[in-house]
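Subject: The model we talked about

Hi there,

Here is the structure I promised to pass on. Please have it open while you read the notes underneath.

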Amino acid sequence: MMYPIIAIAIVAATVVIYFLFRKLYLRYPYPILLPVVTSTVFILLILLLFNISYEDYLIGGEWLSRLMGPAIVALAFPLYKQRVLVLRYSVMIGGAVSIGVFLGFSTVYGLALLFRFNETLVATVLPKSITAPVAVEISAALHGLPPLTATFVLVAGFSGILIGPWVMQKAGIRSLYGKSIALGGASHAMGISKAAEYGNIPLSMSSIAMTLSAIVASLLIPIFIWIF
């Protein structure tokens, strides 16, 4: 009887915390105050302060995790609304995503060789820039460590939305389309949440970049590991 009550309480608390920090971000739109970052840190502090284990939090947190799939599928709606524009720039999007994916895992592979990672760790870190459900499956298929892969995915997402806009500004990238494709391709769902601030069209660009990145990575990473 207590199990569903605890689960509902955890879900409600998580949602309330997120929307409170979202309200803070809308008032003070600094990158460090992005709600996906601040709410995660705040919940982590609460768990540590009250000595609540992650397993206990997952009683309700797992319900939210299961919504990740439907949320990603729901991105098809803005994509459909902007389908004419997306088709017009399909070559640009496809080329940017393919180059981004290749550079992403080739640089990671180079660093892995530099620090002498074994094959298991290489398979674990390579999918870090694609959406979590796909990254975990690729890691498992390549005999990596899926839980650790999920951690690298989170790090890539957080670092991308915190540092990415600043890097693109310094690099002189002003195109909203270019920024959105970069955010979706490198920082997956978190990048999409950032791109959504730019409008519906950038949201569509970012969502298709994330989807294409997952597809391209699924095809190229096994071949890359087989060759090298």
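Below is what I found in it, starting with the whole chain and then going through a few places one by one.

**Before you start**

This is a predicted model, so local features need pLDDT of at least 70 and side-chain atom pairs count only at pLDDT 80 or more, while totals for chains, interfaces and linings use all residues. Residues are numbered from 1 along each chain as its sequence is written, and side-chain values use heavy atoms, with hydrogens and water left out.

The predictor's confidence in each residue, pLDDT, runs from 0 to 100. Its mean for the protein is 83, and 95% of the residues reach 70 or more. Among the elements, helix 2 (residues 35-49) has the highest mean, 88, and helix 4 (residues 68-74) the lowest, 70. As a general caution, predicted coordinates should not be read in detail where pLDDT is low.

**The whole chain**

The secondary structure consists of twelve helices and zero strands. Here helices (H or I, at least four residues) and strands (E, at least two) are DSSP runs, numbered from the N terminus. With a radius of gyration of 18 Å, close to the 17 Å that the globule rule gives for 228 residues, the protein is as compact as a globular protein of that length. That radius is taken over C-alpha atoms, and the rule is 2.2 Å times the number of residues to the power 0.38. Along its principal axes, the C-alpha trace spans about 50 × 40 × 30 Å.

Of the 228 residues, 36% are buried. I use buried for under 20% relative accessible area, exposed for over 50% and partly exposed for in between (1.4 Å probe, protein chains only). The accessible surface comes to about 13500 Å², and carbon and sulfur atoms account for 73% of it; these areas come from the Shrake-Rupley method with a 1.4 Å probe, and for residues only the protein chains shown count as cover.

Contacts, meaning heavy atoms within 4.5 Å, often link distant parts of the sequence: among those between residues at least 6 apart, 65% join residues at least 24 apart.

**Helix 7 and the residue after it**

Helix 7 covers residues 90-114, and its end C-alpha atoms are 36 Å apart, which agrees with the 36 Å expected for 25 residues at 1.5 Å a residue. (The expected span is 1.5 Å times one less than the number of residues.) Its buried residues are Ile93, Val97, Val101, Phe105, Val108, Tyr109 and Ala112. They pack against helix 6 (83-88), helix 8 (119-125), helix 11 and helix 12 (200-227).

Arg116 lies in the loop between helix 7 and helix 8. It has a positive phi of about 60° although it is not a glycine, and at 76% relative accessibility Arg116 is exposed.

**Helix 11**

Which residues does Ser187 touch, leaving aside its neighbours within four places in sequence? They are Ala156, Gly157, Gly160, Ile161 and Ala182. Ser187 sits in helix 11 (residues 176-195) and is buried, with a relative accessible area of 2%.

His188 is found in helix 11 too. This residue is not a glycine, yet its phi is positive, about 45°, and at 4% relative accessibility His188 is buried.

Tyr177, another residue found in helix 11, is partly exposed at 23% relative accessibility. Beyond its neighbours within four places in sequence, Tyr177 is in contact with Leu85, Tyr89, Met92, Ile201 and Met205.

**Two more places to look at**

Tyr57, in helix 3 (residues 54-65), is buried at 16% relative accessibility. Its C-alpha atom is separated by 8.3 Å from that of Ala7, 50 residues apart along the chain. Leaving aside neighbours within four places in sequence, Tyr57 is in contact with Ile10, Thr14, Ile43, Leu47 and Ile52.

Finally, a search of the whole structure finds three aromatic pairs. One of them is Tyr18 with Phe19, edge-to-face at 5.6 Å centre to centre and 90° between the planes. Rings of Phe, Tyr and Trp (its six-membered ring) pair if their centres lie within 6.5 Å; planes under 30 degrees apart count as stacked, over 60 as edge-to-face and the rest as tilted. Tyr18 is partly exposed at 31% relative accessibility, and Phe19 is partly exposed at 49%.

Happy looking, and best wishes!
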